[in-house]
Amino acid sequence: MELTTLVNLFVNNGIAIAVIVYFCFRDWKFMSSLQSTLTTLVDAVRALKEITSKSHKED
């Protein structure tokens, strides 16, 4: 691919490329935040499960 063809591609489709890059970056940041939140939630549920299983064993 020639340099002029590549430049024309970016100039003619600049907004579309910028929008795609923006959404990819936003989704990447959101997914990392979501993964962290879900990991915390899984840990909390696991701790609650251990607490309830201990209390059932004592009864």
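Buried means under 20% relative accessible area, exposed means over 50%, and partly exposed lies in between, with a 1.4 Å probe and protein chains only. The model is predicted: local features need pLDDT of at least 70, side-chain atom pairs count only at pLDDT 80 or more, and totals for chains, interfaces and linings use all residues. Residues are numbered from 1 along each chain as its sequence is written, and side-chain values use heavy atoms, with hydrogens and water left out.

**Exercise 1.** Classify phenylalanine 10 as buried, partly exposed or exposed, and place it in the structure.

*Solution.* Step 1: the relative accessibility of phenylalanine 10 is 46%, so this residue counts as partly exposed. Step 2: phenylalanine 10 sits in helix α1, which covers residues 3-12. Helices (H or I, at least four residues) and strands (E, at least two) are DSSP runs, numbered from the N terminus. Step 3: Phe10 also belongs to a nonpolar surface patch of about 750 Å², together with Met1, Leu3, Leu6, Val7, Leu9 and Val11. Patch residues have over 30% relative accessible area and no salt bridge; nonpolar side chains (Val, Leu, Ile, Met, Phe, Trp, Tyr) are joined within 5 Å, like charges within 9 Å.

**Exercise 2.** Describe the overall form of the protein.

*Solution.* Step 1: count the elements, which gives two helices and zero strands. Step 2: take the extent of the C-alpha trace, about 80 × 20 × 10 Å along the principal axes. Step 3: compare the radius of gyration, 24 Å, with the value near 10 Å for a compact globule of 59 residues. This radius is taken over C-alpha atoms, and the globule rule is 2.2 Å times the number of residues to the power 0.38. Step 4: check one pair of residues; the C-alpha atoms of leucine 3 and serine 55 are 70 Å apart, with their positions 52 residues apart along the chain. Serine 55 is part of helix α2. Step 5: look for buried residues; of the 59 residues, 0% count as buried.

**Exercise 3.** Find the salt bridges and state how accessible their residues are.

*Solution.* Step 1: apply the criterion, a side-chain nitrogen of Lys or Arg within 4 Å of a carboxyl oxygen of Asp or Glu. The structure holds two such bridges. Step 2: in one of them, arginine 26 pairs with aspartate 27, with the closest N and O atoms 3.8 Å apart. Arginine 26 has a relative accessible area of 41% and is therefore partly exposed; aspartate 27, at 38%, is partly exposed. Step 3: aspartate 43 and arginine 46 form a salt bridge at 3.5 Å, N to O. Both lie in helix α2 (residues 14-58), three residues apart, about one turn of the helix. Aspartate 43 is partly exposed at 42%, and arginine 46 is partly exposed at 46%.

Technical notes
Areas by Shrake-Rupley, 256 points an atom, 1.4 Å probe, with all protein chains shown as cover.
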